[in-house]
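Hi,

Here is the structure I promised to pass on. Have a look, and my notes follow underneath.

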Amino acid sequence: MALTLYVDTARWRAHQQSILQQFPGIVPVCKGNGYGFGHERLSDEAARFGSDILAVGTTYEAARIKDFFSGDLLVLTPFRLGEEPVPLPDRAIRSVSSVEGVRGLVGARVVVEVMSSMKRHGISEEDLPKLHAAIEDVRLEGFAIHLPLDRTDGSDAVQEVSAWMERLRNARLPLHTMFVSHLKSEELGRLQQQFPQTRFRARIGTRLWLGDHDATQYRGAVLDVTPVAKGERFGYRQQKTAGDGYLVVVAGGTSHGVGLEAPKALHGMMPRAKGVARAGLATMNRNLSPFVWAGKQRWFAEPPHMQVSILFVPGDVAPPQVGDELVAHLRNTTTQFDRLLDH
């Protein structure tokens with residue numbers, strides 16, 4: 001009995017193709033847990049649609065993925081002086097966000113990241129004169145800019161990239177390739193028109209692999225169903241049941257990522273109010289599970305265990321049977337499945 005990721009393969013690949021057509025020269029991203037699909041599967045998919053390059057998060061990921069993908073591997077985490085050396089093939093390309101970093105990678109293939117309005121990491125405009133001499137000792141694959149997802153100040157993404165292109169041009173730095181993130185296809189087209197001598201390559205992960213939500217679905221298998229009466233004790237903590245109903249044991253626990261959730265940025269009063277309500281219920285040990293039965297997400301009876309979760313289904317609802325599968329609304333980037341099934 002397993003937590004299974006079902007993939008409508010034809011639909012999933014059709015979505016990939018639509019993104020590839022919108023973003024010529026795309027750099028597919030495979031980092032973290034492989035967006036819920038795993039490194040090996042995404043490496044196979046990238047090779048299948050003919051990508052010459054795959055972006056990964058860290059050198060440790062690159063060391064694993066090199067055995068699955070034969071093209072270039074772009075490491076997105078910037079090189080830092082003194083970092084633990086990880087043996088990588090020559091087809092690995094390192095991101096660098098400082099002049100010191102460039103100087104520390106003599107002979108290596110590098111992409112230089114510039115500081116964007118994200119303010120996460122990147123080389124500053126003031127450092128461009130020093131960079132001119134430093135890049136003579138590396139194999140420069142291009143520059144990169146990582147843009148924010150939201151622009152609450154009304155600023156324009158194309159303008160931000162264009163401004164950096166002008167800075168790099170004024171510093172007489174080579175502009176043959178610019179790697180970009182979080183641009184729309186029409187924005188990319190505007191930049192390509194504005195700078196025809198530069199090849200713009202969009203690094204895309206979420207939109208490529210997870211852009212069609214209906215192409216994938218998690219389901220947890222029901223392992224046991226036990227009827228309980230109000231006030232009966234159960235579980236690790238021997239709490240009392242709030243009413244008559246059923247304890248449903250379903251595959252999917254903390255080792256799968258069930259019960260783990262990344263913080264969300266809340267915009268507007270309604271989402272904030274819901275967040276406050278959820279927090280209030282949690283203080284009374286009332287937490288909504290991601291598992292759905294009879295059209296509703298069901299409450300955890302107690303916090304999820306390592307490999308299973310125990311749900312409470314009230315007595316006025318017909319319970320699932322052992323072997324049934326419950327749809328689970330899980331975040332792909334924090335979930336580890338037991339098995340993946342193409343259908």
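One bit of wording before the cavity: Ala, Val, Leu, Ile, Met, Phe, Trp, Tyr, Cys and Pro count as nonpolar, Asp, Glu, Lys and Arg as charged, and the others, Gly among them, as polar. Keep in mind too that this is a predicted model.

With that in hand, the residues lining the largest cavity split into two nonpolar, three polar and three charged. They are Glu113, Val114, Ser116, Met118, Lys119, Arg120, His121 and His146. The volume of this cavity comes to about 40 Å³, and the structure has one cavity of 30 Å³ or more.

Next, the second largest pocket, at about 800 Å³. It has 31 lining residues, and those closest to its centre are His146, Leu149, Ser181, His182 and Thr206. Strand E9 (199–204) and helix H8 (206–210) are the elements that each give two or more residues to that lining. By type, the lining of this pocket has eleven nonpolar, eleven polar and nine charged residues. You'll spot His146 in both places: it is in the lining of the largest cavity and also among the residues closest to the centre of the second largest pocket.

Last, His343. You'll find this residue in the segment after strand E18 (339–342). Is His343 buried or exposed? His343 counts as exposed because its relative accessible area is 55%, and the cut-off for exposed is over 50%. Leaving out residues up to four places away in sequence, His343 touches Tyr6, Val7, Asp8 and Thr9. Its C-alpha atom is 12 Å from that of Thr4, although the two are 339 residues apart along the chain.

Cheers

How values were computed:
Residues numbered from 1 in each chain as written. Predicted model: local features only at pLDDT ≥ 70, side-chain atom pairs only at ≥ 80, totals over all residues. Heavy atoms only, no water. 1 Å grid on protein atoms, 1.4 Å probe; cavity = no way out; pocket = protein on both sides within 12 Å on 5 of 7 lines; lining within 4 Å. Points joined across faces, edges and corners; volume = space filled by probe spheres on them. Helix = DSSP H or I, 4+ residues; strand = E, 2+ residues; numbered from the N terminus. Buried < 20%, exposed > 50% of the residue type's maximum accessible area, 1.4 Å probe, protein only. Contact = heavy atoms within 4.5 Å.
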